[in-house]
Amino acid sequence: MGQRVYIFDTTLRDGEQSPGCSMTVPEKLRMAAKLADLGIDIMEAGFPIASEGDFEAVGAVAKEFPWVQVAALARSNTLDVERAAKALENAKRPRIHTFIATSDIHLKFKLNKSREQVLEAAVRSVELARKYVDDVEFSAEDASRTDIEYLTQVSKAVVAAGARTVNLPDTVGYSVPSEYAEMIGHVVRELGDSAIVSVHCHDDLGLAVANSLAAVQAGARQVECTINGIGERAGNASLEEVVMCFKTRPDKLPYITGIHTEHLYSASQLLTSMISFGPQPNKAIVGDNAFAHEAGIHQDGYLKEKSTYEIIDPRTVGVPEGKLILGKHSGRHALKNRCETLGYTLDIKELDLVYKGFCALADRVKGVRNEQIAQLCQEIKAAVAQ
Ligand code: KIV
Ligand code: ZN
C-alpha cells in the first residue's frame with residue numbers, strides 16, 4: 001500500500017483563468033460534477049475577488065457538492081481574504097487559499113515590498129483566514145526562485161499562524177526535478193508533520209509533471225493540477241498524467257490517490273466541449289492518439305499481445321477501446337483484423353486486392369477511415385464474385 005497523496009484540482013481557477021478557457025457558472029457546475037465523480041480531494045472553484053462570476057461559482061460549487069473540500073483563492077490582504085470567506089460562508093468544507101510572492105524578483109518589481117513586509121502580510125492573512133475557516137492553505141508564489149532560508153522562515157511562520165497546507169509553486173515553470181525536489185525536501189524536513197507540503201507546477205519547460213513527481217518523492221503530499229493540463233501560459237501539471245504515473249508505476253512511485261481513473265477520459269472530453277481547445281492529439285492519457293498504434297510492426301505486436309506496445313489498458317482511463325489508426329505504415333495483419341471487425345472475412349486473394357487498394361489510399365490520405373475500408377472490401381468482393 002502506497003502513501004496517500006491528495007489531489008488538489010485547480011481546473012476551475014488556474015485553468016479557467018488562462019486564455020480560451022473561461023467558463024460560465026453553469027459550465028463550472030457541470031465540470032465540478034465531473035471532478036466530484038473523479039474523486040478529487042480539493043476543488044479550487046475560483047478567485048472570488050477577481051469577478052462576480054468567480055464569487056458566485058465558489059458559492060454555487062460549495063452548495064451543490066457539500067461533501068467536497070472547496071477552495072477559494074485570495075491574495076494576502078484583508079479584502080481578498082474577506083471576499084473568499086464570504087463566497088465560502090455556506091460551504092460545509094471550506095478552504096481559504098491565500099498567497100503572496102516570496103522571491104526577490106517579485107518583491108522588487110511587482111510588490112515593491114521588503115522581505116519583512118511580505119512575511120508580515122503572509123502571517124496576517126493566514127491569521128485572518130483562520131478566523132473564518134479551519135482549513136487554510138498558504139502559497140509562496142514563485143517559491144522555486146525564492147531564497148531557501150527565507151522560504152523556510154515564511155513556511156514556518158504561516159504554519160505557526162494556522163496554515164495547514166504550505167504550497168510551494170514553481171510559478172514560472174523554471175525548475176528542474178532535482179532542484180525542485182531539493183527545495184521541497186528541505187521544507188518538508190523543517191516543517192515535520194506540522195503541515196502538508198503541496199506542489200503546484202507550471203509547464204513552461206515541459207517539466208510540470210516531472211517536477212510534481214520529484215516533489216512527491218521528496219515528501220510533498222498534495223499535488224495541484226488540472227484536467228488536460230490547462231492553466232496559465234503553458235499550463236499546469238496535468239492531473240491525468242500525475243495520477244496515471246502513480247497507478248502505472250507503483251514499483252517506482254508507491255503513492256495512491258482517491259481518483260477513479262475510469263472518469264479521466266470523459267473529464268477531458270467534457271472540459272474540451274466547454275473551452276476553446278482540446279488536448280493535442282499526442283497528449284499522454286487523453287489525446288486522440290494516446291492509444292492508437294499505426295506502425296505495422298507495432299500493430300502486429302499489439303494484435304498478438306497488447307502489452308507489447310500498450311502500458312495502460314485504455315479502459316482504465318475510460319477510453320472505450322484501443323484505437324488502431326490505419327495508415328500507410330500499417331501491415332496486412334492489422335488490415336485483415338480491421339476488415340473482420342467491420343464484418344468482412346477475406347480470403348488470401350481478396351485480402352491481397354484490398355491491401356493494394358488500401359496502400360494506394362493510405363498514400364493519399366492521413367489515416368484511412370473505417371467507412372473507406374468497408375467500401376474497399378465491398379468493391380473487391382463484388383469484383384471477385386463476377
Ligand atoms: O502559479 C502560482 O503560483 C499560482 C498560485 C496562486 C498558487 O497559481
Ligand atoms: Zn499557478
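In this predicted model, a polar side-chain atom of Asp-14 sits 3.0 Å from an oxygen atom of ligand 1. Two histidines join in. The side chain of His-200 brings an N or O atom to 3.1 Å from an oxygen atom of the ligand, and for His-202 the corresponding distance is 3.0 Å. Ligand 1 is well wrapped up: of the 260 Å² of accessible area that it has on its own, the protein covers 94%.

What else surrounds ligand 1? Besides Asp-14, His-200 and His-202, the surrounding residues include Arg-13, His-97, Phe-99, Ser-139, Glu-141, Asn-167, Pro-169 and Thr-171. Sorted by character, the shell holds two nonpolar, six polar and three charged residues. Several pieces of secondary structure feed into it, among them helix α1 (11-15) and the strands β5 (94-101) and β6 (135-141), each of which supplies at least two shell residues.

Turning to the helices, a pair of packed helices is described by the angle between their axes and the distance between the axes. Take α2 (residues 25-38) and α11 (264-274) to begin with: their axes come within 10 Å and cross at roughly 170°. An angle over 145° counts as roughly antiparallel, so α2 is roughly antiparallel to α11. On the α2 side, the residues involved are Glu-27, Arg-30, Met-31, Lys-34 and Leu-38, and they meet Leu-264, Ser-266, Ala-267, Leu-270, Leu-271 and Met-274 of α11. Seven of the residues in this contact are nonpolar, one is polar and three are charged.

The pairing of α13 (residues 332-341) with α15 (residues 370-385) has axes that come within 10 Å and cross at roughly 90°. Angles of 65 to 115 degrees count as roughly perpendicular, so that is how α13 lies relative to α15. Helix α13 contributes Leu-335, Arg-338 and Cys-339 to the contact, while α15 brings Asn-370, Ile-373 and Cys-377. The residues of this contact split into four nonpolar, one polar and one charged.

One loop residue rounds off the picture. Thr-257 belongs to the loop that runs between β10 (255-256) and α11 (264-274). Its side chain reaches the backbone nitrogen of a residue in the same stretch of sequence, Ile-259, at 3.3 Å. Setting aside neighbours within four places in sequence, Thr-257 is also in contact with Arg-4, Val-5, Ile-7, Val-243 and Phe-246.

Methods
Residues are numbered from 1 along each chain as its sequence is written. Chains are lettered from A and ligands numbered from 1 in the order in which they are written. This is a predicted model: local features need pLDDT of at least 70, side-chain atom pairs count only at pLDDT 80 or more; totals for chains, interfaces and linings use all residues. Side-chain values use heavy atoms; hydrogens and water are left out. Axes are lines fitted to C-alpha atoms, for helices over the stretch in contact, and angles run from 0 to 180 degrees between N-to-C directions. Helices (H or I, at least four residues) and strands (E, at least two) are DSSP runs, numbered from the N terminus. Angles under 35 degrees count as roughly parallel, over 145 as roughly antiparallel, 65 to 115 as roughly perpendicular and the rest as oblique. Contact means heavy atoms within 4.5 Å. Ala, Val, Leu, Ile, Met, Phe, Trp, Tyr, Cys and Pro count as nonpolar, Asp, Glu, Lys and Arg as charged, and the others, Gly among them, as polar. A residue is near a molecule or strand if one of its heavy atoms lies within 4 Å of it. A polar contact is a pair of N or O atoms within 3.5 Å; within protein, one must be able to donate a hydrogen and the other to accept it, and residues adjacent in sequence count only if both atoms are side-chain atoms. Accessible areas come from the Shrake-Rupley method with a 1.4 Å probe; for residues, only the protein chains shown count as cover.
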